[in-house]
Amino acid sequence: MQDPAALVEAFRKEFGGEPRLYRAPGRVNLIGEHTDYNDGFVLPAALEMATWVAAAPRNDRRLCIRSRLYGQDASFDLDDPAPTPRHDWTDYVRGVALMLGCEGRPVGGANVLIASDVPVGSGLSSSAALEVSVGYALLDLAGDIVDRRRLALACQRAENEFVGMRCGIMDQFIACHGEAAHALLLDCRSLEYRLVPIDAKVRVVICNSMVRHALAGSEYNLRRQECERGVALLGAVLPGVRALRDVDMAGLERHAGLLPELTLRRCRHVVSENARVQQAAAALQAGRVDAFGRLMNASHRSMRDDYEISCGEIDILVELAWRSEGVLGSRMTGGGFGGCTVSLVEAGAVEAFGAAIVTGYVKATGRTPEVFVCSPGPGVCHAVS
Ligand code: ADP
Ligand code: MG
């Protein structure tokens, strides 16, 4: 957890002047993996782990940024007629400033100091926490009333077009719209959403495998291509299919023979996962946490066997959780090939669960996992020091 007073003090020392403080959360996706770019449904929750921004306006048109994570600073001219990405962390920040400008929300020059306790590259979306905290800060400094939906879209566009990562809208959307003690059911096509309360009797526990295999990026793009191929083949016989979101299991089974075996398995994950997300949201709303947990388990098996985005370390974490007392469900969360698992655990069993995971995982892999017991927190906001 960042110390806001220390961040303000650091800002005074490094830039001079009095900053305003903002924070945007990381997120964990409870269920709905690789459904976002298929126009489907996801059910993330915002975390208390967050990226903090201390920022103050400048009199010129420069954006001067520094991250405690990397210790180097960078400075950009907001009026650069041909801004080119540097292929490092600064692209996320600069990309947001540029996209807000493109969307009719020009921001002014600013000094920005960034600090975060969202683990980077672990599937908890440190990138969206960074984009959204900076975007909110720049809009607020410019005296703009922040439209959270537009902010989320501008941040996604920054990651797609300036960073060059074809991410969906989920991460930025939950960083903008999360609420404490709630998950958020999002329709990634319409951007309609509904907050779903999380039963106080259960805890969301994240276990970080501490591995991230290098093929994550290339495999992500391959999965997207398989989904597109599935849509093209199914769309030829099922009118109105624009995305896998428009296909149900009955339709997929009826036309399974049209698809190559690999494409069929990829599509089966997405189609079944979309159904699971909607069932899971209904179960959570009704307090049926055991049903919710079973859907998480089915989601993991589908990612492991049909979508093939799990890995040995993640499967070990999930199987350790499945064997633990008081665990309602467990699955990989995030893009895949490492990163984190998410488990739903009875509140009274959390401590023993954490200990069993650490012991079992160290024994099996020699690595020590991080275990976070989470209380879902609020979306991006102005913070006080
Ligand atoms: P994830 O979003 O799952 O954490 P990504 O690969 O999408 O992983 O984003 C991680 C990248 O976001 C980092 O490599 C870095 O460029 C940038 N980033 C995240 N947090 C910070 C931070 N506090 N300071 C600077 N850059 C950050
Ligand atoms: Mg990310």
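Start with α6 (216-235), the element that gives the most to the lining of the largest pocket, with four residues. Helices (H or I, at least four residues) and strands (E, at least two) are DSSP runs, numbered from the N terminus. The model is a predicted one, in which local features need pLDDT of at least 70 and side-chain atom pairs count only at pLDDT 80 or more, while totals for chains, interfaces and linings use all residues. Residues are numbered from 1 along each chain as its sequence is written, chains are lettered from A and ligands numbered from 1 in the order in which they are written, and side-chain values use heavy atoms, with hydrogens and water left out.

**The largest pocket**

Keep α6 shown and add β2 (41-57), β5, α3 and α5 (170-177); these are the elements that give two or more residues to the lining of the largest pocket. A pocket is an open set of points on a 1 Å grid over the protein atoms alone, with protein on both sides within 12 Å along at least five of seven lines; a cavity is a set where a 1.4 Å probe fits but cannot get out, and lining residues have an atom within 4 Å of a point. The volume here is about 1,000 Å³, counted as the space filled by probe spheres set on points joined across faces, edges and corners.

Of the 46 lining residues, select G121, S125, S126, S127 and E159, which lie nearest the centre. Colour the lining by class to find 19 nonpolar, 18 polar and nine charged residues. Ala, Val, Leu, Ile, Met, Phe, Trp, Tyr, Cys and Pro count as nonpolar, Asp, Glu, Lys and Arg as charged, and the others, Gly among them, as polar.

**Ligand 1**

Next select ligand 1, which occupies the largest pocket (more than half of its atoms lie within 2 Å of the grid points). Its shell holds 17 residues, the closest being S67, G121, S125, S126 and S127; a residue belongs if one of its heavy atoms lies within 4 Å.

Show three side chains for the polar contacts (pairs of N or O atoms within 3.5 Å):

- S67: a polar side-chain atom lies 2.7 Å from a nitrogen atom of ligand 1.
- S126: a polar side-chain atom is 2.6 Å from an oxygen atom of ligand 1.
- S127: a side-chain N or O atom is 3.0 Å from an oxygen atom of ligand 1.

The protein buries 82% of the 570 Å² that ligand 1 exposes when taken alone (Shrake-Rupley method, 1.4 Å probe). Then highlight β5 (110-116) and α3 (126-141), the elements that give two or more residues to this shell. The largest share, three residues, comes from α3. The shell has nine nonpolar, eight polar and no charged residues.

**The second largest pocket**

Move to α4 (148-163), which gives the most to the lining of the second largest pocket, with three residues. The volume is about 160 Å³. Among the residues to select are D36, Y37, R166, C188 and R224. The lining has six nonpolar, three polar and three charged residues.

**Two cavities**

The structure holds two cavities of 30 Å³ or more. For the largest, of about 70 Å³, select L100, E103, R105, L139, I145, D147, R150, L151 and A154. Three of these, the largest share, come from α4. By class, the lining has five nonpolar, no polar and four charged residues.

Finish at the second largest cavity, about 40 Å³, lined by L63, F76, D77, L78, R94, A97 and L98. The elements giving two or more residues are β4 (73-77) and α2 (90-102), and α2 gives the most, with three.

Conventions: Polar contact = N/O pair within 3.5 Å; in protein donor to acceptor, adjacent residues only side chain to side chain.
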